[in-house]
Each structure stands twice: as structure tokens, then as C-alpha cells.
Amino acid sequence: MKRKSVPKMEELKSVLREAFGGSSSDSDGESSHEWRRRLQINDSSDEIVKPPSIFEDPQIWEAIAEINGLWICRDFLSSVQQSSLLSALEKEGYFAEDSHNQAMRFGDLPPWAIDLSQYIRENVLLSDCLSESTDLSRSDKSGTTCPFAPELLWREPLFNQLIVNIYQPGEGICAHVDLMRFEDGIAIVSLESSCVMHFSLAEAEYKNAEEVNREFAKIPVLLTPGSLILMWGEARYLWKHEINRKPGFQKWDGHDIDQKRRTSVTLRRLCGQTEPTQ
Ligand SMILES: O=C(O)CCC(=O)C(=O)O
Ligand SMILES: [Fe+2]
């Protein structure tokens with residue numbers, strides 16, 4: 001299959017500029033711009049907050065040092081954007097009953113999820129990961145400076161399955177590797193309560209002592225409201241992830257995390273979906 005060539009950063013910026021306009025324009029109806037515009041409107045007050053420039057203050061991406069292919073953007077959504085996303089979930093009826101803890105969509109995603117996907121793609125692109133200068137202080141163990149593999153970033157659609165998980169205090173998710181029916185490249189947006197997600201190696205095929213030790217070590221990652229994690233490559237296939245919200249397991253910096261309801265939006269892509277021909 002012919003792969004799309006990956007554009008260089010400058011080409012990319014001009015493509016983005018053409019598609020979404022500069023920071024001062026918010027008149028077009030383009031999806032990502034629309035998402036940003038909509039997300040600037042505070043539901044309760046209708047206050048319009050000045051939209052950020054798409055090229056200033058790019059968000060900060062951190063590689064989780066121990067795990068190749070695991071990246072976090074802690075300030076991915078502002079508090080206004082988080083509220084807008086929660087309102088969109090509420091309108092879908094996902095919070096209608098306390099017993100309702102999961103909702104899935106396949107194929108055509110709702111507009112807010114398409115916008116969210118586009119916003120993820122845009123923010124990865126703006127991380128300058130495709131530029132030739134590599135800042136090793138921001139790379140993962142394998143030396144990669146890109147929060148998402150370029151060949152995954154350019155697939156269309158980026159994601160076509162979503163799952164919304166709603167956890168009441170004390171509820172979590174057991175250690176697992178996501179099903180193989182999903183392609184590589186998974187995004188998780190966290191909302192409401194913070195939590196610690198633990199990662200542990202999935203396979204016992206690492207024979208040396210250091211790796212056996214690592215196998216039992218769990219790597220904790222704090223997921224704060226509005227954060228985004230991206231899992232691909234080793235993080236997606238070789239590591240399990242779990243959230244244990246039973247008493248004693250949700251500690252950060254020696255303190256128990258105050259548990260409230262937590263909501264997450266996971267975006268993935270089903271295997272075997274071909275790109276539409278243009
Ligand atoms: O809720 C989360 O943050 C993780 C969800 C998850 O791992 C899954 O649905 O496979
Ligand atoms: Fe998962």
C-alpha cells in the first residue's frame with residue numbers, strides 16, 4: 001500500500017494556516033477552528049474568551065521516560081474547554097444515570113469527537129516533532145521527539161471509535177492491553193477527578209534480572225483533568241495500563257488523591273478500515 005509522504009514542518013504550518021486561518025480570524029467554519037471557537041464559549045455566562053493563536057504557546061508534551069511511545073500533554077484542554085466537552089457528553093445522555101458507566105461509538109463519530117481528534121492532530125503537529133532539529137531533552141528513551149508516530153498521525157480518519165468511561169469514586173479499570181481489533185495509536189482525554197494510571201510490562205519474555213524487576217515495577221502516571229495521553233508502539237502493545245481506585249492505590253507525592261467522579265474519552269481506530277479514495 002502506498003504511504004502518504006510526511007510533509008515538512010514549514011509546509012505543514014502553511015497548510016494549517018491556510019486551513020484554519022491565522023490567530024486573528026475565526027470566521028471560517030472549518031472543523032478545528034469551529035471546535036476552538038465553540039470551546040471558548042463559557043456555557044453559563046456566554047463570555048467569549050480570546051482564542052489562543054494556533055502558533056503561539058504550543059502545548060507542552062512530555063515523554064514518560066520509562067515507556068517508549070507514552071506521551072502526556074498535561075494542559076491539553078483548558079478548564080473552559082473541559083466544561084464544553086463535558087456539556088457535549090451530557091447532551092449525548094451519557095450521565096443520565098449513575099449506573100451508566102460506559103458508552104461506545106463506532107464509525108461516524110459525533111461532531112465534538114471529530115473536532116477533538118482534529119485538535120489532537122493539530123497539537124501534535126505544533127509540537128514541532130517533525131522539524132529537523134531534535135531537542136533530546138524532550139525525547140523518549142528511544143530518542144523519539146514526536147508524541148505520535150507520523151504515519152499514524154496522517155491516517156484518515158485519525159480515529160473512528162470512541163469510548164466514554166465514567167468512574168464513580170472507588171471504581172477503576174483492571175490491567176489490560178487494548179484489544180488487537182484496534183490499530184496502534186490510542187488517545188485518552190481525562191476529565192473531572194485526577195487519577196493515577198499504572199503501567200506494567202505485559203509479557204514475561206524479558207529474561208535478564210533488570211528486566212524481570214521492571215516487570216513487577218508499575219510506572220505511575222498522574223492524569224489530571226484536561227490532560228491527554230497518547231499510547232503507541234511499545235506503550236500500546238507491550239505495556240498494560242490500569243486504574244485502581246481502591247483505598248490506598250491512588251497516591252501521588254505521598255498524598256491520597258481526593259476521588260470524585262472521573263470521566264475519560266478514549267479515541268482509537270478499528271483495524272481494517274481503509275481510507276476513502278478521493
Ligand atoms: O479511563 C481511562 O482512562 C482508560 C480507559 C481504557 O483504558 C480503555 O477503555 O481501554
Ligand atoms: Fe485501555
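In this predicted model, seven strands form an open sheet in the order S1-S2-S9-S6-S13-S4-S3, and their pairing is antiparallel. At its edges lie strand S1 (61–63) and strand S3 (102–106), each of which pairs on one side only, while the twist from one strand to the next averages 15°. Strand S4 (161–167) is of particular interest here, since the topics below return to it: its pairing with neighbouring strands, and the residues around ligand 1.

**Strand S4 and its neighbours**

- Strands of a sheet are held in pairs by backbone hydrogen bonds, and the pairing may be parallel or antiparallel.
- On one side, S4 is joined to S3 by 5 bridges, with the two strands running antiparallel.
- Within this pairing, Arg105 stands opposite Leu162 in S4, and Met104 has Ile163 of S4 as its bridge partner.
- S4 also pairs with S13 in the antiparallel sense, and this pairing extends over 7 bridges.
- Between S4 and S13, Tyr167 is found opposite Arg262 in S13.
- Because 5 of the 7 residues of S4 are buried, S4 is largely enclosed by the rest of the structure.

**The surroundings of ligand 1**

- The residues around ligand 1 are Ile163, Asn165, Ile173, Asp178, Ile188, His241, Ser264 and Thr266.
- Two elements, strand S4 (161–167) and strand S13 (262–268), each give two or more residues to this shell.
- Sorted by class, the shell around ligand 1 holds 3 nonpolar, 4 polar and 1 charged residues.
- Ile163 therefore appears in two parts of this picture, as a residue around ligand 1 and as the bridge partner in S4 of Met104.

**Confidence in the model**

- The protein chain has an average pLDDT of 80, and 69% of the residues score at least 70.
- Over residues 1–6 the pLDDT is below 50, and this stretch has 5 contacts in the model beyond near neighbours in sequence.
- Residues 37–51 likewise have a pLDDT below 50, and for this stretch the model contains 19 contacts beyond near neighbours in sequence.
- Where pLDDT is low, the predicted coordinates should not be read in detail.
- For the model as a whole, the scores are ipTM 0.99 and pTM 0.80.

Terms used
Residues numbered from 1 in each chain as written. Chains lettered and ligands numbered in written order. Predicted model: local features only at pLDDT ≥ 70, side-chain atom pairs only at ≥ 80, totals over all residues. Near = placed C-beta within 6 Å. Helix = DSSP H or I, 4+ residues; strand = E, 2+ residues; numbered from the N terminus. Nonpolar A, V, L, I, M, F, W, Y, C, P; charged D, E, K, R; others polar. Pairing = 2+ DSSP bridges. Axes fitted to C-alpha atoms, helices over the stretch in contact; angles between N-to-C directions. pLDDT = per-residue confidence, 0-100. Contact = placed C-beta atoms within 7 Å. Buried ≥ 20, exposed ≤ 12 C-beta atoms within 10 Å, placed from the backbone.
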